[in-house]
Amino acid sequence: MAATGKCSKVRPRFEMLKSMSIQNSIDVSNNQMIQEACQRLVLSDQQLRRIMQSMEKSMEQGLATSTKKVAVKMLPTYVDSVPNGTESGDFLALDLGGTNFRVLHIKLQGKETKMTGKIFRVPESIMRGTGEALFDHIAGCMAKFMGENDLKDAQKLPLGFTFSFPCEQEGLTKGKLVTWTKGFKASGVEGVDVVTLLHEACHRRKDIDIDVVALLNDTVGTLMACAFQENSCQIGVIVGTGTNACYMERLDRIPKLAGYVDEHGVTPEEMIINTEWGAFGDDGALDFLRTEWDEVVDRESINPGQHLYEKMISGMYMGECARVVLEDLAKQGLLFGGNSDAISVPHCFPTKFVSEIDSDLLEDDDRTFQKTYQILEDIGVEMITANDCANVAYVCSLISTRAAHLTAAGIAMLLNRMNKKHVTVGVDGSVYRFHPTYPTLLDAKIGELIVGDIEYKLMLSEDGSGRGAALVAAVATRLKEEKLAASLSSSSSNQ
Ligand code: BGC
């Protein structure tokens with residue numbers, strides 16, 4: 001488990017590159033023109049503070065009303081307790097959120113977790129076909145997993161369903177999809193309860209049945225999985241294919257839940273709110289810093305105008321954003337001898353290339369840009385010079401640094417808003433896990449943006465979507481049993 005501390009100072013990589021460009025006598029005039037052209041990708045602390053302010057305003061609008069019009073939805077999750085460490089038992093978990101779907105069988109025993117599971121691909125034709133076909137695929141994968149693992153009886157096990165898309169929940173076991181994100185577009189699902197769709201798909205097959213006790217977002221699973229280890233965990237963040245955060249909010253600051261009582265007649269003090277911050281900026285709040293390159297990425301995406309903050313940060317878009325910048329620079333004659341043919345192919349530059357190229361910058365003295373050269377050659381760029389490699393790395397580092405700083409603004413805003421003495425932030429997702437410097441950049445910037453004497457710690461979550469789902473299911477089951485026992489004992493003492 002990697003935990004990072006507060007305020008580690010890092011030297012921005014573009015500065016390292018600047019000095020390197022002098023050492024390696026890179027063509028300075030070209031470099032300066034590129035630096036000028038890319039200046040808009042560098043965000044000042046002042047701009048980041050402006051983002052924090054306007055994000056908090058958007059969040060307050062989301063907390064006040066459930067209308068479709070607000071950009072940041074602030075969805076109640078109906079999870080109001082974190083694990084207390086006593087959770088145990090056998091659970092099933094389903095995890096749908098990207099190109100893969102997972103089925104897991106999880107045994108919680110004290111702090112130990114035993115998991116068996118299987119990963120299934122979700123082909124693009126299914127992601128963008130009918131909702132019925134998508135849920136039939138999910139049910140089919142479950143049936144296969146249960147059959148192969150001799151889990152015929154497991155259908156009676158409590159099941160946690162991690163569904164990593166915005167869902168307007170009416171309770172822990174019911175949630176209507178607000179809108180698809182991350183390249184999904186299956187028809188007939190938006191506006192419909194996804195737990196019902198899952199049940200219907202199981203009934204169509206007839207060979208499996210399930211007991212869904214919790215529907216949750218991956219950020220909630222991440223928070224819960226970290227809270228199981230460190231009970232100060234109050235924020236869960238994902239920076240993977242998509243990005244999002246959830247946090248523990250006081251009920252008296254959620255006007256749209258005024259008068260809420262749970263099924264036992266109790267009003268909890270706090271509840272985890274799934275912010276769906278990926279949609280921040282959809283009302284124009286980010287227009288002051290979005291570039292024409294961001295506009296191209298958005299325009300060419302499957303959901304133009306939606307999830308604009310996510311499109312500046314997450315793994316589904318970071319590589320494409322770098323590619324669009326590089327294409328523009330090549331067209332201006334600043335890269336690849338002015339030949340933009342290879343770099344103009346949409347999606348030829350996935351985010352993992354940004355990570356690999358950024359790791360070339362970690363070499364200390366004689367940067368060889370070996371990986372950068374190899375990647376450019378592989379995608380078919382002809383005539384690659386040493387300058388080109390350095391400049392491509394420069395662009396990649398600007399894009400990933402911008403992503404880290406935008407995420408830092410979101411996390412710092414939540415920490416300032418919560419204003420608790422010590423908060424652990426559970427983080428997961430492929431960008432956070434695999435980008436060589438993203439975690440350090442993120443941590444350093446949060447340290448600069450928080451106010452007062454708040455202390456925080458970033459903690460890498462261990463499989464929040466799987467283990468977290470089992471934990472939410474376990475907490476729900478434990479609370480149900482505790483409340484049942486309490487009501488039984490009070491009714492017997494009344495007799
Ligand atoms: C979804 C969120 C999810 C995030 C990370 C976003 O596109 O809207 O619900 O938490 O991706 O997976």
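This note covers two helices, the nonpolar cores, one buried arginine and the two largest pockets of a predicted model.

1. Helix α5. This helix runs over residues 131–148 and has 18 residues. From its first C-alpha to its last it reaches 26 Å, close to the 26 Å expected at 1.5 Å a residue. Its buried residues are G131, L134, F135, I138, A139, C141, M142, A143, F145 and M146. An α-helix has 3.6 residues a turn, so residues three or four places apart point the same way. Keep that in mind when reading the list for α5.

2. What surrounds α5. The buried residues of α5 pack against three strands, β3 (89–96), β4 (100–109) and β5 (112–121). They also pack against α4 (124–127), β6 (158–163) and α6 (194–205). Just after α5, D150 takes a positive phi of about 55°.

3. The largest core. In soluble globular proteins, nonpolar side chains tend to be buried together. Here the largest nonpolar core has 126 residues, and F349 and I446 touch the most other members. Helix α13 (residues 386–418) gives the most to this core, with 20 residues.

4. F349 and the second core. Leaving out residues up to four places away in sequence, F349 touches G319, E320, A322, R323, L326, I343, V354, I357, I375, I379 and C396. There is also a second, separate core of 40 residues. Among its members are L92, F120, M142 and V189. M142 is also on the buried list of α5.

5. Helix α15. I446, named above for its contacts in the largest core, is one of the buried residues of α15. This helix covers residues 438–449. Its 12 residues should span 16 Å at 1.5 Å a residue, and its end C-alpha atoms are 16 Å apart, which agrees. The helix is mostly covered, with 10 of its 12 residues buried. The buried set includes the charged residues D443 and K445, along with Y438, P439, L441, L442, A444, G447 and L449.

6. R417. Is this arginine buried or exposed? R417 counts as buried because its relative accessibility is 8%, under the 20% cut-off. R417 lies in helix α13. Not counting residues up to four places away in sequence, R417 touches E56, E60, L63, Y247, E249 and R253. Of these contacts, E56, E60, E249 and R253 are charged residues.

7. The largest pocket. Its volume is about 860 Å³. Of the 39 residues that line it, G97, G98, T99, K182 and T241 are the closest to its centre. At least two lining residues come from each of β3, β4, β5, α4, β11 (243–250), α14 (430–434) and α16 (464–494). α14 gives the most, with 3 residues. The lining divides into 10 nonpolar, 17 polar and 12 charged residues.

8. The second largest pocket. This one has a volume of about 580 Å³. It is lined by 25 residues, and G315, M316, Y317, P350 and T351 lie nearest its centre. α10 (318–331), α11 (351–360) and α14 each supply at least two lining residues. α11 gives the most, with 4 residues. The lining divides into 8 nonpolar, 12 polar and 5 charged residues.

9. Links worth tracing on the model. α14 supplies at least two residues to the lining of the largest pocket and at least two to that of the second largest. β3, β4, β5 and α4 help line the largest pocket, and the buried residues of α5 pack against these elements.

Terms used. Residues numbered from 1 in each chain as written. Predicted model: local features only at pLDDT ≥ 70, side-chain atom pairs only at ≥ 80, totals over all residues. Heavy atoms only, no water. Expected span 1.5 Å × (residues − 1). Buried < 20%, exposed > 50% of the residue type's maximum accessible area, 1.4 Å probe, protein only. Contact = heavy atoms within 4.5 Å. Core = buried A, V, L, I, M, F, W, Y, C linked by side-chain atoms within 4.5 Å. 1 Å grid on protein atoms, 1.4 Å probe; cavity = no way out; pocket = protein on both sides within 12 Å on 5 of 7 lines; lining within 4 Å. Points joined across faces, edges and corners; volume = space filled by probe spheres on them.
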